[in-house]
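Here is a briefing on the structure shown below. It goes topic by topic, from loops to sheet to helix packing to charged pairs.

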Amino acid sequence: MPASYQPHTRDDDPEHTVSQSLETNLRAADLTVRHLIDQKGRAVFSTSADETIGTVVRLLRDNDIGAIMVLDAQSSLVGILSERDIVRRLADTPGQTLPQTVAELMTRNVETCTLDDLLVSVLRRMTDGRFRHMPVMENGAVIGLISVRDVVRYRLTALEYEALQLKQLIVG
């Protein structure tokens with residue numbers, strides 16, 4: 001994820017810039033999942049339903065992620081497992097959770113989105129459904145995962161740029 005917009009300095013290479021432009025800074029209502037995925041990337045962390053929770057907990061920790069997709073042998077999405085799912089089970093079965101399988105804890109009815117879905121509608125679905133992670137699908141295949149944090153971070157970067165543009169219009 002790129003840092004917030006930074007104004008040019010004397011040491012900048014005038015031929016190379018990573019700042020947003022008026023063309024790339026779309027209105028919030030026009031932003032799609034594609035815009036976010038293009039910035040974030042399409043990394044997909046997954047596991048199988050027969051893996052143990054102990055193994056998945058280490059995957060979540062080592063990759064600094066909050067959820068993992070559960071795929072079958074044909075790479076089809078069959079579920080999702082989040083930190084929240086694991087914490088709830090830890091409370092229900094203290095000392096017995098780590099040997100359990102992903103299949104025992106995962107959410108099976110997974111809400112998904114596509115690259116063309118509007119970010120505002122995806123964020124609304126996540127908020128209304130009380131979940132924080134949503135797999136991104138393209139042609140029936142999982143191509144990424146977005147979180148509420150990703151959407152908020154993306155939008156905050158755009159708002160910072162908009163504020164800078166307004167300030168430059170007023171001052172300059």
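**Loop residues with positive phi**

Asp64 sits in the loop that runs between helix H2 (53-63) and strand S2 (67-71). The model is predicted. In it, Asp64 has a positive phi of about 50°, although this residue is not a glycine. Most residues other than glycine have a negative phi.

- Asp64 comes just after H2. Its relative accessibility is 73%, so Asp64 counts as exposed.
- Asn139 is another residue other than glycine with a positive phi, here near 55°.
- Asn139 lies in the loop between S5 and S6. That loop belongs to a hairpin with two residues between the strands.
- Asn139 is exposed, because its relative accessible area is 80% and the cut-off for exposed is over 50%.

**The S4-S5-S6 sheet**

- Three strands make up an open sheet, in the order S4-S5-S6, with mixed pairing. S4 and S6 are at the edges and have a single partner strand each, so one side of each lacks a neighbour in the sheet.
- Helix H5 (residues 119-129) packs on this sheet and touches S4, S5 and S6. The direction of H5 makes about 135° with that of S5.
- Strand S5 (residues 133-138) pairs with S6 in the antiparallel sense, over six bridges.
- Three residue pairs place the two strands against each other. Met134 has Ile146 in S6 as its bridge partner. Met137 stands opposite Val142 in S6. Glu138 stands opposite Ala141 in S6.
- Strand S4 (residues 113-114) runs parallel to S5, and two bridges join them. Cys113 has Val136 in S5 as its bridge partner.
- How much of S6 is buried? Six of the seven residues of strand S6 (residues 141-147) are buried, so the rest of the structure largely encloses this strand.
- S5 is mostly covered too, with five of its six residues buried.

**Helix H2 and what covers it**

- Which residues of H2 are buried? They are Ile53, Gly54, Val56 and Leu60. These residues cover an arc of only 165° around the axis, so they lie on the same side of H2.
- In an α-helix there are 3.6 residues a turn, so residues three or four places apart point the same way.
- Several elements help cover the buried residues of H2. Among them are strand S1 (46-47), S2 and strand S3 (77-82). Helix H3 (83-92) and helix H4 (102-105) are also included.

**Thr97, a buried loop residue**

- Thr97 lies in the loop between H3 and H4.
- Is Thr97 buried or exposed? Its relative accessible area is 1%, so Thr97 is buried. The cut-off for buried is under 20%.
- The side chains of Thr97 and Thr93 are joined by a polar contact of 2.8 Å.
- Beyond its neighbours within four places in sequence, Thr97 is in contact with Ile53, Ile86, Arg89, Leu90 and Leu105. One of these, Ile53, is also among the buried residues of H2.

**Salt bridges**

- The count of salt bridges comes to seven.
- One of them joins the side chains of Glu138 and Arg42, at 3.5 Å from N to O. Glu138 is in strand S5, while Arg42 is in the loop between helix H1 (33-40) and S1, so the pair ties together parts that are 96 residues apart in sequence.
- Both partners are partly exposed: Glu138 has 31% relative accessibility, and Arg42 has a relative accessible area of 39%.
- Glu111 forms a salt bridge with Arg125, and the closest N and O atoms are 2.8 Å apart. This pair links distant parts of the chain, with Glu111 in the loop between H4 and S4 and Arg125 in helix H5, 14 residues apart.
- Asp117 also forms a salt bridge with Arg125, the closest N and O atoms being 4.0 Å apart.
- Glu111, Asp117 and Arg125 are thus linked in a network of salt bridges.
- Each member of the network is partly exposed. Glu111 has 39% relative accessibility, Arg125 has a relative accessible area of 30%, and Asp117 has a relative accessible area of 22%.

Technical notes: Residues numbered from 1 in each chain as written. Predicted model: local features only at pLDDT ≥ 70, side-chain atom pairs only at ≥ 80, totals over all residues. Heavy atoms only, no water. Buried < 20%, exposed > 50% of the residue type's maximum accessible area, 1.4 Å probe, protein only. Helix = DSSP H or I, 4+ residues; strand = E, 2+ residues; numbered from the N terminus. Pairing = 2+ DSSP bridges. Contact = heavy atoms within 4.5 Å. Axes fitted to C-alpha atoms, helices over the stretch in contact; angles between N-to-C directions. Arc of directions from axis to C-beta. Polar contact = N/O pair within 3.5 Å; in protein donor to acceptor, adjacent residues only side chain to side chain.
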